[in-house]
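Me: Please take a close look at a single part of this structure and describe its surroundings in connected prose.

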Amino acid sequence: MITDSPRPATRRAAVPLAGAAAVTAPGVYLGVTGTHLSPPLAALLFGVAVVGAAFVLSWVAEAVQVDISPGLAITVLALIAVLPEYAVDFVFAYEGGHAFAEHGPACVPPGSTDESSCGLALANMTGANRILVGVGWAAVVLLAAWRIRRNGQDKPRKAGVTLERTDAVPLAFLGVATLYSLTLPLRHSITLIDAIVLVGIFILYAVRVAKAPPGDPDLEGVAKVLGEQPKVRRRLACAGLFAFAAAVILLVAENFAHALVETGTQVGISQFFLVQWLAPLASEAPELLVACLYAWRLKTTDALATLVSSKVNQWTLLVGTLPIVFAVASGSTSGLPIDAAQREELLLTAAQSLFAVSLLLSLTITVRGALVLFGLFVAQFVLAGVLPESVKGVELVALSIAYLGAAVVVTVRSRRDLITLARDGFRTPYRDLAD
């Protein structure tokens with residue numbers, strides 16, 4: 001019997017791997033040698049290096065599904081895929097801790113016009129979370145609907161993406177984390193108590209999904225080639241690629257953060273804006289692209305499930321570890337300071353999360369729901385552009401109220417689904433969910 005040689009597939013996998021490694025080279029070189037370039041160019045090269053490393057991480061995270069249960073694999077995939085986001089955010093949290101120790105809660109010298117490093121840490125986190133939902137979730141649904149229509153598989157206008165019953169688990173834990181996060185805008189800091197609660201939610205979530213039965217992952221491209229290798233070779237390859245990507249991120253993350261801040265100063269763009277929106281786009285681009293590729297291939301459940309798990313990850317472990325990093329750097333247990341502007345950002349992020357969860361109470365998000373998610377995300381920028389400077393921030397509160405009001409309406413209408421989701425998410429054995 002003649003079988004296809006694995007060599008062509010291996011060579012095909014080597015091309016994107018080599019490409020991802022190649023785009024990291026300029027940023028790594030700058031990071032190792034300390035060569036100085038103009039801040040915009042440096043930010044570009046460091047950002048591209050982050051994107052390349054993140055692609056490598058996403059392939060490794062998919063390949064490890066061969067060795068662990070699907071639920072735990074999705075969690076690991078989400079955790080590994082957002083490591084670049086963690087790295088950038090930790091840089092700002094660590095520097096914020098040093099600034100707090102030196103200058104107090106303002107985190108900047110008196111009279112300084114620079115953005116607070118403490119505020120930049122929160123800006124990066126809130127931007128990443130809102131992009132993930134407002135762009136990522138919406139893009140998966142809309143792209144899948146467009147592909148279905150192009151393939152002649154017409155569906156009713158309200159049709160969208162339906163998750164598996166097992167996906168009730170991450171959604172239920174996301175709901176709990178979101179409800180807790182609604183208390184954060186009422187505080188003056190994110191404390192170590194918040195860290196214990198949020199990291200605790202993530203640990204309980206990881207323990208729950210670890211009980212999922214083993215499955216047969218549907219891999220493609222580089223991940224498929226890695227996953228088809230013999231066990232020892234596969235694990236060594238994944239470990240080596242993970243170490244490479246982690247080393248790249250460690251070398252460029254701090255430089256990327258500094259280059260963004262310096263770019264804002266040099267070209268007159270708000271440092272806050274660059275850190276909140278440009279940095280997360282770079283660190284999360286591979287994850288969003290992978291999800292969109294899944295949607296393009298009509299593997300919509302996998303696409304949305306990965307992004308939901310990533311949201312759990314960011315809204316629990318990322319938010320929960322920021323005050324820990326801050327405490328280590330500052331030597332203080334008073335918590336990561338939250339100023340008035342950041343309270344509004346946190347409120348909007350938590351409100352968006354609550355609305356997104358409410359849309360998925362039935363484990364189905366419609367095209368209409370995706371359009372509303374994306375429309376409200378874009379509305380922030382439209383309102384910020386048309387409102388006068390004297391009422392800056394009003395749009396954040398207004399949109400928060402809109403999200404919260406819509407979430408209440410949708411939840412009341414789907415109250416039976418809420419009960420089912422809570423039962424399946426926290427109590428129903430995984431073997432029953434899989435059936």
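Reply: The account below concerns helix α11 and its surroundings.

This is a predicted model, in which local features need pLDDT of at least 70, side-chain atom pairs count only at pLDDT 80 or more, and totals for chains, interfaces and linings use all residues. Residues are numbered from 1 along each chain as its sequence is written, and side-chain values use heavy atoms, with hydrogens and water left out.

Helix α11 spans residues 300–330 and contains T316; helices are DSSP runs of H or I with at least four residues, numbered from the N terminus. T316 has a relative accessible area of 0% and is therefore buried (under 20% relative accessible area, 1.4 Å probe, protein chains only). Leaving aside residues up to four places away in sequence, T316 touches A177, L198, V199, I201 and F202, where contact means heavy atoms within 4.5 Å.

Helix α6, residues 168–181, packs on α11 at an angle of about 30°, the axes being 9 Å apart. Axes are lines fitted to C-alpha atoms over the stretch in contact, and angles run from 0 to 180 degrees between N-to-C directions. The angle makes α6 roughly parallel to α11, a term for angles under 35 degrees. P170, L171, L174, A177, T178 and S181 of α6 meet V308, K311, V312, W315 and T316 of α11. By class, this contact has 7 nonpolar, 3 polar and 1 charged residues (Ala, Val, Leu, Ile, Met, Phe, Trp, Tyr, Cys and Pro count as nonpolar, Asp, Glu, Lys and Arg as charged, and the others, Gly among them, as polar).

Terms used:
Helices (H or I, at least four residues) and strands (E, at least two) are DSSP runs, numbered from the N terminus. Buried means under 20% relative accessible area, exposed over 50%, partly exposed in between (1.4 Å probe, protein chains only). Angles under 35 degrees count as roughly parallel, over 145 as roughly antiparallel, 65 to 115 as roughly perpendicular and the rest as oblique.
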